[in-house]
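Please open the model in a viewer and follow the selections below in order. Each stop names what to select and then describes what is found there.

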Amino acid sequence: MSLPNVLRLITLIAAGLLLGLLFKGCDAKQPPMQPKTLIIGMDGVQLQHYEQLGGDTHLQKRLFYGKAYAGGINGRASEQATISGPGWMTLLTGVWANKHGVITNNESLRVDPEFPSLFKRLRDALPNAYLSSVVNWSPINTAFLLEDAQGNDVRESGLSDEQVTARTLDILDKTPADFTFIQLDEPDEAGHASGFGPAYQFALREADDRLGRLLDKVEERASKHPQEDWLVIVCTDHGRDYWGSGHGGVTEQEKTVFIASNKPLNEELTQPSIPGDNPGPNNLYGYVAQTSVTPTVLRHMGLDLLPEWKLDGTPLLGATGVRKARAIEGDAKLLWNSDSQETVTIYKNDQIVANVPAYLQQWTDPQGMRQASDYVLELDDTPVAVRTRPASKPFVLEESSY
Ligand SMILES: [Zn+2]
């Protein structure tokens, strides 16, 4: 064979291989998966006591889970009370109470329309999605999300935990159930009534049994509809005080919560990353924050996370972006954890103000942080936000101080 013929043959073989690959690619093409999410909220569950039920719980046998924290960072702009209104709204909006505005359980409060809940974000992006919110503790639906979730297909409040569970099994059986949030309240009620002890453990066991029935239903549905991609998240709004009867304060125990999932989640859940300048009690701030649930659900449901949303949480599926983004207003500094060689884009009040190699893990705002601002740090198409409060004035000793 002459050289030109050899070349022609090689070209033909290469073209054939390429075509084969293309057709293989076509053959391998599957119908698109349909993302579905179920969030099971359990009110006032202390992880340590849940774990004391032993290894046979549905939490431990069937889910991936990790410790998390509620209540923001003590002494910083994100600090919030470890109570239900602020906690559930943080879980459902992906921002702390200094943005969503539900700083107490006062039923006249509404989530700030600038920081809407998952219901509103999903309704805007997916007009035909079937959205449900079924809760025992009514104010979630009847107060804080009254306007925000008015596009829901199902919104039911004030049901017993058993009724919430039965209604949810029905929704999972008979509807498209694209996004479903439910809240079980009885563990919190048992804690308030008698503190830690047999009644609290019994309520946790009951909640875990209900979790098991819901997981069975999701598995049954997923096997009937293999094109559905189910994300289940289990979480709680706050921990409990030393006695178990109260909560609301800033102790480690009240701030300790958990996030569990049927899917293996990324390193933000599995590998704590400690913010060196402020690790928190027993390195609590190295664990995942309660704000991570919303960006995780949005990403699973196929939405791109946008910097203008100013979500405070790191998503637990896919790239984490920078981790533990935080501000030290007095030093006009943003800090974060990352060993990435890529560039972080920094926004301040919606304007790009800097591009910084991620591994530097800090940036100083040349204009200072005298005013409250919204910063967003974006890496790997994953934005995470920090709202600052005005830097306090330098302390000057005046005569009036004596
Ligand atoms: Zn409570």
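Begin with N349, which in this predicted model is partly exposed, with a relative accessible area of 38%. The residue sits in the loop between strand 11 (343–348) and strand 12 (351–357). Its backbone deserves inspection: N349 is not a glycine, yet it has a positive phi of about 45°. Most residues other than glycine have a negative phi.

Next, select N282, in the loop between helix 12 (267–270) and strand 8 (288–289). N282 likewise has a positive phi, here of about 50°, although it is not a glycine. Is N282 buried or exposed? With a relative accessible area of 58%, N282 is exposed.

**Strand 14 and its neighbours**

Now select residues 374–379, which make up strand 14. Six of its six residues are buried, and the strand is accordingly described as mostly covered. In a regular strand the side chains alternate between the two faces of the sheet. Colour D374, V376 and E378 for one side of strand 14, and Y375, L377 and L379 for the other; the residues on both sides are all buried.

Which strands flank this selection? Add strand 11, which pairs with strand 14 in the antiparallel sense over four bridges. Within this pairing, T345 stands opposite E378 of strand 14. Then add strand 15 (382–387), which runs antiparallel to strand 14 and is joined to it by six bridges. Here the bridge partner of D374 is R387 in strand 15.

Follow the chain from strand 14 into strand 15: the two form a hairpin with two residues between them. In that turn, select D380, which has a positive phi of about 55°.

**The pockets**

Keep D380 selected and extend the selection to the second largest pocket, whose lining includes D380 and L379, together with E267, R323 and N337 among others. This pocket holds about 180 Å³ of space. How do the residues of its lining divide? Two are nonpolar, six polar and four charged.

Move on to the largest pocket, which has a volume of about 520 Å³. To find its centre, select Y69, I73, S78, A325 and R326, the residues that lie nearest to it among the 28 that line the pocket. Strand 9 (323–328) and strand 15 each supply at least two residues of this lining. The largest share, five residues, comes from strand 9. By character, the lining of the largest pocket comprises 13 nonpolar, seven polar and eight charged residues.

**The zinc site**

For the last stop, select the zinc ion together with D188, H192 and H247. The ion is coordinated by two OD atoms of D188 and by the NE2 atoms of H192 and H247, at 2.1 to 2.6 Å. The angles among the four donor atoms range from 54 to 146°, and the site is irregular; four donors count as tetrahedral only if all angles lie between 85 and 135 degrees.

In sequence, the donor residues follow the spacing D-x3-H-x54-H. D188 and H247 thereby link distant parts of the chain, 59 residues apart: D188 belongs to helix 9 (residues 186–194), whereas H247 lies in the loop between strand 6 (228–235) and helix 11 (252–255). With a surface displayed, check the setting of this pair: both D188 and H247 are buried.

Conventions: Residues numbered from 1 in each chain as written. Predicted model: local features only at pLDDT ≥ 70, side-chain atom pairs only at ≥ 80, totals over all residues. Heavy atoms only, no water. Donors = N, O, S within 2.8 Å, 3.2 Å for Na, K, Ca; no water. Tetrahedral: all angles 85-135°; square planar, octahedral: opposite > 155°, others 65-115°. Buried < 20%, exposed > 50% of the residue type's maximum accessible area, 1.4 Å probe, protein only. 1 Å grid on protein atoms, 1.4 Å probe; cavity = no way out; pocket = protein on both sides within 12 Å on 5 of 7 lines; lining within 4 Å. Points joined across faces, edges and corners; volume = space filled by probe spheres on them. Nonpolar A, V, L, I, M, F, W, Y, C, P; charged D, E, K, R; others polar. Pairing = 2+ DSSP bridges.
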